[in-house]
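Colleague: Could you take a close look at the aromatic side chains here and walk me through how the rings are arranged?

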Amino acid sequence: MLLCLLPAFLAAQEVMTGFYRGDHNALPKSRNLSVQTLPFYDDFSTSNLYPDSTKWIDRYAFVNSGFPVHSLTRNAATLDVLDDNGCVYDYAISNPFIAEYLSSTQIRLDSVFTPEPKALTPADSVYLSFLFQPQGNGLAPETNDSLVLEFGIPNEFDTTWHHIWSTPGQSLAQFLQETDSSYFQLVMIPITDQKYFTSNFFFRFYNYGSIANNTQPTGRGNEDHWNIDMVYLDWHRTADDTSYPKICFTGQSPTFLKRYRAMPYKHYRANAYASINDENYEVNVSNLDNRTHYVKHCYQVEQVNGNQSYAYYNTDPIGLSAMSYSQPVNATVEQLFSIDYDRDSTSYLIRHYISDSTNIPPLVDSMIYHQGFYNYFAYDDGIPEMGYGVEPSSSAFAVKFEMAELDTLRGVQILFNHTLNDANNKYFDLVVWKDNNGKPGDEVYRMPNQRPRWGERLFEFVYYQFPQRVRLSGAFYVGIVQRDNGLINIGVDMTNDNSQYNFYNTTGSWQPSAMRGSIMIRPVVGAGYFIGLQEIPTDETITVYPNPASTTLHIDAVENGQSITIFDMTGRKALQGSFTNDLSLTGLPSGVYLLRITTSDGNIISKKITVRP
C-alpha cells in the first residue's frame with residue numbers, strides 16, 4: 001500500500017514520497033540553437049539523462065526508463081517539479097505553477113529540401129504527434145496541474161507563444177480507465193495556420209505542478225510526473241498516421257542474475273549456479289508498424305578487459321503483430337559468467353539485438369546492459385523514482401542480504417534524496433543485524449549519529465565507511481534507526497520490486513514492508529573499499545592510447561566531450577578537468593584507474609586505463 005505523507009506526530013508508519021535531485025537553478029536556459037529540418041523525430045532512445053541537444057534547447061526533462069510504465073520505446077522524457085540540476089524550483093508553491101520545459105530547437109517549417117526543395121503551406125498536411133502518460137512510476141499530478149503544448153514564433157525582442165493543447169492532471173489508474181487500458185495516449189495536432197510556416201518555428205511542452213504545503217517539509221518533494229515519448233513532426237501526414245516503420249526494445253534490459261542487479265565477484269564465484277537466473281527471462285519489444293513483423297533476437301556477452309565472449313540466438317522468428325506494444329520475448333542465460341580467481345572484480349557488456357532483415361530497409365534495434373561484479377550488493381538500478389522513510393523517531397528499517405561465504409562488511413553506499421531546504425538532514429544510526437528466522441535479529445554493529453550526505457552528480461551514492469571491520473556470513477540486514485522525527489527520505493527504485501527483502505520496525509517488532517520497490521542501500525564488502533564505479537555504456541566508441549600510459553593519454557572518437565574525471569581503485573577522485581584529446585597524467589602514481597568522460601548530452605563513457613612510469 002502506498003501511503004501519503006503525514007505529519008511526524010501521527011501514528012507510526014512507513015512512508016513513500018517523491019525524490020529530489022541536486023541543487024537549484026531557477027530559470028530555463030538554452031544550450032544551443034541548432035536548426036532542424038523535417039522530419040523531426042525523437043523517441044529519446046539514444047539519450048541518457050538529458051534530451052538530445054541537437055533537438056531540444058533546454059535540459060530540464062529527465063530522459064529515463066524508470067518513470068514511464070510500459071513505454072512504447074526504451075525511454076521517455078519525464079517532466080516534474082525539478083530543474084536540470086535536480087532541485088525543486090525555489091518558486092515552487094502548493095498552488096499550480098509552471099515547473100518544467102521541454103523546448104524544441106529551431107525548425108524549418110517553411111520548406112523541405114528532400115526529395116527536392118519545396119515551400120510548405122497548410123495544404124501539405126503537417127502534423128505534430130506525441131505520446132504522453134501521467135504519473136508513471138512516480139507521483140500523480142493533481143487535477144489542477146496540467147501538461148501543456150505551445151507553438152512559438154520569434155519576434156524582434158522575444159518569442160510569441162500560442163497555446164495549442166493541454167490536459168489536466170490525473171492518476172495513472174484514472175488515465176487507464178479513460179484510455180481503455182492504454183498506458184500512453186497518442187495526440188495528433190494538425191498545423192493549419194499559415195503563421196507557423198516560417199524558418200524559425202518552435203514548439204515546447206511544459207507542466208503545471210504543485211508541491212505539498214509547508215506544514216509537511218519532508219513531503220515537499222518531486223511529484224506531478226508526466227512522461228512524453230515519440231515526438232514526431234512531418235508533412236504528408238494524416239490524422240490516421242499513427243504507425244511507424246519501427247521495431248524497438250522497450251523498458252529496461254534484464255539482469256542475468258537471479259536476485260541482485262549487482263553483487264561482489266567473490267560471492268558470485270562461491271555460488272555461481274545459484275546466482276544466475278536459471279529460468280527464462282523476458283526482453284520487451286514493440287512493433288510500431290501497421291503490419292506484422294517476424295523478428296530475430298540475439299544477444300552477445302563480452303567481458304570488459306577479459307577473455308569471455310559468447311553469443312545467443314533465438315532460432316525461431318518471433319511474430320510481432322501490428323501495433324503491438326511492450327510484447328515479452330523469452331530468452332535464457334546460456335552460460336555462467338567466468339570464474340577468474342585472479343580478479344577482485346569484473347564486468348560484462350550484454351548487447352541485445354532484434355532485426356527483421358526481410359523488410360526494405362531492414363528494421364533493427366539494439367540495447368546494452370552493463371552487468372557489474374564489484375564489491376557491493378545492489379537490488380536497485382540506480383534510479384530513485386520515490387523516497388522512503390519511517391515514523392516516528394527510534395523507528396527503523398532494514399534490507400536483507402546474504403553472504404555466500406565469510407567476508408568483511410566495510411561500509412554502506414546510500415542514495416539519499418534531496419529535499420527542499422534539506423528538510424531530511426536528520427540524525428540516524430547505521431545498523432547491521434543478524435538473521436532471526438527471516439527477520440532482523442541481534443544487533444551486530446552500530447555507527448551512530450550520521451546524517452544524509454549527497455554526491456556531486458545526479459543519482460550518486462555516498463559511501464559511509466565503517467571505522468571497524470564487521471565479519472559476517474550467511475543472511476544479514478543493513479538499515480537505519482532514525483533518531484529524529486521526520487522522514488529520512490532514502491531513494492527507492494520502483495522499477496525493480498524487491499520488497500520481500502525489506503523490513504520496518506515502528507512499534508518494537510519487525511514487520512515485512514508493505515511498500516513495493518528496492519530501497520537504495522548497498523553494503524560494501526571485501527578486504528579493501530574499492531567501491532566499484534559503474535561503467536555506463538553508450539553507443540559511442542572511445543579509443544585511448546597508449547594504454548598503459550606514462551605522461552600523456554590520447555583520447556579519440558569523442559566529439560562532444562565536456563569533462564574528464566579519473567578515479568583510482570578506491571573510488572577516490574584522482575583528477576578532474578575539462579575534456580581534452582591529450583590528457584596529461586603528470587602526478588598520477590602508477591596503478592589502474594577508471595577514466596570517465598561526461599559528454600554535453602549528459603552521457604557517460606568509461607574506460608579502464610593503466611598508468612606506468
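Modeller: Sure, one term before we start: buried means under 20% relative accessible area, exposed means over 50%, and partly exposed is in between (1.4 Å probe, protein chains only). Bear in mind that this is a predicted model, where local features need pLDDT of at least 70, side-chain atom pairs count only at pLDDT 80 or more, and totals for chains, interfaces and linings use all residues. Residues are numbered from 1 along each chain as its sequence is written, and side-chain values use heavy atoms, leaving out hydrogens and water.

Now the rings. Searching the whole structure turns up 46 aromatic pairs; Phe, Tyr and Trp (its six-membered ring) pair if the centres lie within 6.5 Å, and planes under 30 degrees apart are stacked, over 60 edge-to-face, the rest tilted. Take Tyr41 and Tyr244: their centres are 6.1 Å apart with 50° between the planes, a tilted pair. Tyr41 is in strand E3 (residues 40-42) and Tyr244 in the loop between strand E15 (226-234) and strand E16 (247-249), so this pair ties together parts 203 residues apart in sequence. Strands here are DSSP runs of E, at least two residues, numbered from the N terminus. Tyr41 is partly exposed at 23% relative accessibility, while Tyr244 is buried at 9%.

Phe62 and Phe67 also sit 6.1 Å apart, centre to centre, but their planes are at 85°, so that pair is edge-to-face. Both of these Phe residues are buried.

There's also an aromatic cluster whose members include Phe40, Trp56, Phe130 and Trp226.

Finally, the charged end of Arg204 sits over the Trp161 ring, 4.0 Å from its centre; that label needs NZ of Lys or CZ of Arg within 6 Å of the ring centre and within 35 degrees of the ring normal.

Methods:
Helix = DSSP H or I, 4+ residues; strand = E, 2+ residues; numbered from the N terminus.
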